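Reader: Hi! I'm new to reading protein structures, so could you walk me through this one?

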Amino acid sequence: MKNLLILLASAPLLTACLGDQQARPDPAYAATIAPPPVYQPVAASDGSIFQAANGYAALTSGSRAARIGDLLTIALVERTQAVKSNSANVDKSGSFGITPPTTGPLSLFDPSDVSFGGGTNFKGGGSAQQSNALSGQISVTVAQIFPNGTMLVRGEKLIRLNRGDEYVRFSGLVRTADIGPENIVPSTRVADAHIDYGGAGEIAQASKQGWLQRFFNIVSPF
(Lines give C-alpha, C1' and ligand atoms only; values in the text may rest on other atoms or scores of the structure.)
Protein backbone atom coordinates (compact mmCIF):
# COMPACT_ATOMS: atom_id res chain seq x y z
CA MET A 1 0.00 0.00 0.00
CA LYS A 2 2.84 2.37 0.82
CA ASN A 3 4.51 1.72 -2.53
CA LEU A 4 1.24 2.44 -4.33
CA LEU A 5 0.89 5.78 -2.53
CA ILE A 6 4.44 6.74 -3.49
CA LEU A 7 3.74 5.79 -7.11
CA LEU A 8 0.55 7.87 -7.20
CA ALA A 9 2.30 10.82 -5.56
CA SER A 10 5.02 10.83 -8.22
CA ALA A 11 2.49 10.68 -11.09
CA PRO A 12 2.31 14.49 -11.59
CA LEU A 13 6.10 14.68 -11.87
CA LEU A 14 6.18 11.87 -14.42
CA THR A 15 3.39 13.48 -16.40
CA ALA A 16 5.24 16.81 -16.47
CA CYS A 17 8.37 15.10 -17.73
CA LEU A 18 6.47 13.28 -20.46
CA GLY A 19 4.75 16.50 -21.52
CA ASP A 20 8.10 18.13 -22.34
CA GLN A 21 9.02 15.51 -24.93
CA GLN A 22 10.23 16.81 -28.27
CA ALA A 23 10.79 15.18 -31.62
CA ARG A 24 14.46 14.34 -31.91
CA PRO A 25 16.41 13.60 -35.11
CA ASP A 26 16.86 9.90 -35.80
CA PRO A 27 20.44 9.00 -36.80
CA ALA A 28 19.10 6.22 -39.04
CA TYR A 29 17.52 8.89 -41.29
CA ALA A 30 20.39 11.36 -41.21
CA ALA A 31 21.26 13.14 -44.45
CA THR A 32 24.00 11.58 -46.56
CA ILE A 33 26.75 13.93 -47.62
CA ALA A 34 28.32 13.48 -51.04
CA PRO A 35 31.80 11.95 -50.77
CA PRO A 36 34.79 14.03 -51.84
CA PRO A 37 35.87 13.56 -55.45
CA VAL A 38 38.50 10.93 -56.15
CA TYR A 39 41.05 12.02 -58.74
CA GLN A 40 42.86 8.71 -59.11
CA PRO A 41 41.40 5.76 -61.00
CA VAL A 42 40.06 3.01 -58.75
CA ALA A 43 38.45 0.88 -61.46
CA ALA A 44 38.79 0.25 -65.16
CA SER A 45 35.80 2.51 -65.92
CA ASP A 46 36.93 5.36 -63.65
CA GLY A 47 38.87 8.38 -64.68
CA SER A 48 39.78 11.82 -63.43
CA ILE A 49 36.23 13.13 -63.94
CA PHE A 50 33.93 10.13 -64.19
CA GLN A 51 33.64 7.97 -61.03
CA ALA A 52 31.30 4.98 -61.41
CA ALA A 53 31.35 4.27 -57.67
CA ASN A 54 29.62 7.57 -56.92
CA GLY A 55 26.87 7.05 -59.48
CA TYR A 56 26.40 8.01 -63.08
CA ALA A 57 24.25 10.84 -64.41
CA ALA A 58 23.79 11.20 -68.15
CA LEU A 59 23.82 14.66 -69.69
CA THR A 60 20.17 14.18 -70.66
CA SER A 61 19.08 13.50 -67.05
CA GLY A 62 19.07 17.18 -66.16
CA SER A 63 18.82 17.86 -62.44
CA ARG A 64 17.59 14.40 -61.48
CA ALA A 65 19.27 12.74 -58.52
CA ALA A 66 21.81 10.13 -59.63
CA ARG A 67 24.77 10.28 -57.23
CA ILE A 68 25.35 9.71 -53.54
CA GLY A 69 24.37 12.79 -51.59
CA ASP A 70 22.01 14.15 -54.27
CA LEU A 71 18.63 15.47 -53.16
CA LEU A 72 15.38 13.84 -54.23
CA THR A 73 11.82 14.92 -53.47
CA ILE A 74 9.30 12.25 -52.50
CA ALA A 75 5.63 13.03 -53.14
CA LEU A 76 3.62 11.28 -50.42
CA VAL A 77 0.44 10.03 -52.08
CA GLU A 78 -0.42 7.12 -49.82
CA ARG A 79 -4.05 6.06 -49.66
CA THR A 80 -5.31 2.71 -48.40
CA GLN A 81 -8.83 1.46 -47.80
CA ALA A 82 -10.06 -1.92 -46.60
CA VAL A 83 -13.61 -3.15 -46.13
CA LYS A 84 -14.62 -6.55 -44.81
CA SER A 85 -18.00 -7.92 -43.84
CA ASN A 86 -19.48 -11.34 -43.12
CA SER A 87 -22.75 -12.77 -41.94
CA ALA A 88 -24.14 -16.16 -40.98
CA ASN A 89 -27.64 -17.44 -40.35
CA VAL A 90 -28.47 -20.95 -39.17
CA ASP A 91 -31.97 -22.21 -38.43
CA LYS A 92 -32.79 -25.78 -37.51
CA SER A 93 -35.88 -27.40 -36.04
CA GLY A 94 -37.15 -30.94 -35.48
CA SER A 95 -39.91 -32.86 -33.76
CA PHE A 96 -40.54 -36.45 -32.70
CA GLY A 97 -43.70 -37.96 -31.37
CA ILE A 98 -45.19 -41.34 -30.46
CA THR A 99 -48.83 -42.02 -29.95
CA PRO A 100 -49.23 -44.77 -27.33
CA PRO A 101 -52.21 -47.06 -27.36
CA THR A 102 -55.20 -45.88 -25.40
CA THR A 103 -56.32 -49.35 -24.34
CA GLY A 104 -54.61 -52.47 -23.12
CA PRO A 105 -51.61 -53.03 -20.83
CA LEU A 106 -49.46 -50.43 -22.71
CA SER A 107 -51.85 -47.56 -22.16
CA LEU A 108 -49.62 -45.98 -19.54
CA PHE A 109 -49.12 -42.47 -21.01
CA ASP A 110 -51.22 -39.81 -22.55
CA PRO A 111 -50.33 -38.92 -26.16
CA SER A 112 -49.07 -35.54 -24.98
CA ASP A 113 -46.55 -37.13 -22.60
CA VAL A 114 -44.36 -38.74 -25.26
CA SER A 115 -44.07 -36.02 -27.89
CA PHE A 116 -40.68 -34.32 -28.38
CA GLY A 117 -39.64 -31.22 -30.23
CA GLY A 118 -36.56 -29.04 -30.56
CA GLY A 119 -35.18 -26.15 -32.47
CA THR A 120 -32.09 -23.97 -32.76
CA ASN A 121 -31.49 -20.61 -34.31
CA PHE A 122 -28.25 -18.69 -34.80
CA LYS A 123 -27.62 -15.39 -36.50
CA GLY A 124 -24.35 -13.49 -36.53
CA GLY A 125 -22.62 -10.82 -38.51
CA GLY A 126 -19.58 -8.59 -38.47
CA SER A 127 -18.04 -5.79 -40.46
CA ALA A 128 -14.80 -3.82 -40.44
CA GLN A 129 -13.70 -0.78 -42.38
CA GLN A 130 -10.43 1.13 -42.31
CA SER A 131 -8.99 3.89 -44.46
CA ASN A 132 -5.78 5.90 -44.31
CA ALA A 133 -4.47 8.82 -46.32
CA LEU A 134 -1.18 10.71 -46.30
CA SER A 135 -0.19 13.49 -48.65
CA GLY A 136 2.67 15.94 -48.78
CA GLN A 137 6.30 16.10 -49.84
CA ILE A 138 9.62 15.37 -48.20
CA SER A 139 13.14 15.80 -49.60
CA VAL A 140 15.61 12.99 -48.98
CA THR A 141 19.19 12.23 -49.93
CA VAL A 142 20.67 9.34 -51.90
CA ALA A 143 22.48 7.16 -49.37
CA GLN A 144 23.59 4.24 -51.55
CA ILE A 145 23.64 3.21 -55.21
CA PHE A 146 23.40 -0.46 -56.16
CA PRO A 147 24.90 -2.12 -59.25
CA ASN A 148 21.51 -2.41 -60.98
CA GLY A 149 20.98 1.36 -60.77
CA THR A 150 18.47 1.48 -57.92
CA MET A 151 19.15 3.97 -55.15
CA LEU A 152 18.57 3.81 -51.43
CA VAL A 153 17.13 7.13 -50.29
CA ARG A 154 16.32 8.27 -46.78
CA GLY A 155 15.62 11.44 -44.87
CA GLU A 156 13.42 13.08 -42.29
CA LYS A 157 11.59 16.35 -41.72
CA LEU A 158 11.08 17.87 -38.27
CA ILE A 159 8.41 20.53 -37.83
CA ARG A 160 8.27 22.42 -34.55
CA LEU A 161 4.91 24.09 -34.00
CA ASN A 162 3.81 26.39 -31.21
CA ARG A 163 2.13 23.59 -29.19
CA GLY A 164 4.01 20.51 -30.33
CA ASP A 165 6.33 18.87 -32.82
CA GLU A 166 5.73 16.68 -35.85
CA TYR A 167 8.10 14.53 -37.85
CA VAL A 168 8.10 12.59 -41.10
CA ARG A 169 10.72 9.92 -41.78
CA PHE A 170 11.10 8.14 -45.10
CA SER A 171 13.37 5.50 -46.62
CA GLY A 172 13.13 3.18 -49.62
CA LEU A 173 14.50 2.08 -52.99
CA VAL A 174 14.04 4.28 -56.06
CA ARG A 175 14.65 3.62 -59.75
CA THR A 176 16.18 6.42 -61.74
CA ALA A 177 13.57 5.77 -64.47
CA ASP A 178 10.77 6.69 -62.03
CA ILE A 179 12.18 10.13 -61.24
CA GLY A 180 10.26 12.89 -63.00
CA PRO A 181 11.71 15.93 -64.79
CA GLU A 182 11.30 18.01 -61.62
CA ASN A 183 13.31 15.50 -59.56
CA ILE A 184 10.15 14.19 -57.89
CA VAL A 185 9.07 10.57 -57.51
CA PRO A 186 5.72 9.47 -55.99
CA SER A 187 5.89 7.27 -52.91
CA THR A 188 3.80 4.63 -54.69
CA ARG A 189 6.78 3.97 -56.99
CA VAL A 190 9.22 3.43 -54.12
CA ALA A 191 10.09 -0.15 -53.17
CA ASP A 192 10.49 -1.25 -49.55
CA ALA A 193 9.17 2.13 -48.46
CA HIS A 194 9.20 2.95 -44.76
CA ILE A 195 7.10 5.96 -43.81
CA ASP A 196 6.98 7.11 -40.20
CA TYR A 197 4.71 10.02 -39.30
CA GLY A 198 4.19 11.06 -35.71
CA GLY A 199 4.42 13.84 -33.20
CA ALA A 200 5.48 14.85 -29.72
CA GLY A 201 4.48 17.52 -27.28
CA GLU A 202 1.25 18.62 -25.63
CA ILE A 203 -1.09 17.82 -28.52
CA ALA A 204 0.32 14.33 -29.08
CA GLN A 205 0.41 13.63 -25.36
CA ALA A 206 -3.22 14.70 -24.88
CA SER A 207 -4.43 12.13 -27.41
CA LYS A 208 -2.84 9.22 -25.52
CA GLN A 209 -4.03 7.33 -22.47
CA GLY A 210 -2.25 7.95 -19.20
CA TRP A 211 0.37 5.44 -18.06
CA LEU A 212 -1.76 4.34 -15.07
CA GLN A 213 -4.81 3.81 -17.24
CA ARG A 214 -2.75 1.77 -19.72
CA PHE A 215 -1.48 -0.35 -16.82
CA PHE A 216 -5.00 -1.14 -15.60
CA ASN A 217 -6.10 -1.93 -19.16
CA ILE A 218 -3.31 -4.51 -19.40
CA VAL A 219 -4.10 -6.28 -16.11
CA SER A 220 -7.88 -5.97 -16.40
CA PRO A 221 -9.57 -9.31 -17.26
CA PHE A 222 -12.53 -7.54 -18.87
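Author: Gladly! Please keep in mind that this is a predicted model. Let's begin with one residue, Y29, which counts as buried at 16% relative accessibility.

Reader: Why does Y29 count as buried?

Author: The label depends on a cut-off: buried means under 20% relative accessible area. Y29 falls under that limit, so the residue counts as buried, with a relative accessibility of 16%.

Reader: Where is Y29 placed?

Author: Helix 2 covers 11-19 and strand 1 covers 71-97. Y29 has its place between these two elements, in the loop.

Reader: Which residues does Y29 touch, leaving out those up to four places away in sequence?

Author: One partner to look at is E156, which is 127 residues from Y29 along the chain, yet their C-alpha atoms are separated by 5.9 Å. With residues up to four places away left out, the full list for Y29 is R154, G155, E156, R169, F170, S171 and H194.

Reader: How many bridges join strand 3 and strand 4?

Author: Strand 3 takes up residues 151-161, and strand 4 takes up residues 164-174. The two form a hairpin with 2 residues between them, and L161 stands opposite G164 in strand 4. Their pairing is antiparallel, and the number of bridges is 11.

Reader: Is S187 buried or exposed?

Author: S187 sits in the loop between strand 5 (184-186) and strand 6 (191-200). Apart from residues up to four places away in sequence, S187 touches I74, A75, L76, V77, E78 and F170. Its relative accessible area is 2%, and buried means under 20%, so S187 is buried.

Reader: And the surface: which residues form a nonpolar patch there?

Author: One member is V219, which lies in helix 4 (residues 211-219). V219 has a relative accessible area of 48%, so this residue is partly exposed. Together the patch has about 440 Å² of accessible area, and its members are F215, F216, I218 and V219.

Reader: What pattern does the chain follow along the sequence?

Author: Start with the counts: the chain has 4 helices and 6 strands. Read along the sequence, they follow the pattern α-α-β-β-β-β-β-β-α-α.

Reader: What share of contacts between residues at least 6 apart joins residues at least 24 apart?

Author: Contact here means heavy atoms within 4.5 Å. Counting contacts in the chain between residues at least 6 apart in sequence, the share that joins residues at least 24 apart is 65%.

Reader: Last one: how much of the chain counts as buried?

Author: The accessible surface of the chain comes to about 16100 Å², and 57% of it belongs to carbon and sulfur atoms. Of the 222 residues, the share that counts as buried is 22%.

Key
Residues numbered from 1 in each chain as written. Predicted model: local features only at pLDDT ≥ 70, side-chain atom pairs only at ≥ 80, totals over all residues. Heavy atoms only, no water. Pairing = 2+ DSSP bridges. Buried < 20%, exposed > 50% of the residue type's maximum accessible area, 1.4 Å probe, protein only. Areas by Shrake-Rupley, 256 points an atom, 1.4 Å probe, with all protein chains shown as cover. Patch = residues over 30% accessible without salt bridge, like charges linked within 9 Å, V, L, I, M, F, W, Y side chains within 5 Å. Salt bridge = Lys/Arg side-chain N within 4 Å of Asp/Glu carboxyl O.
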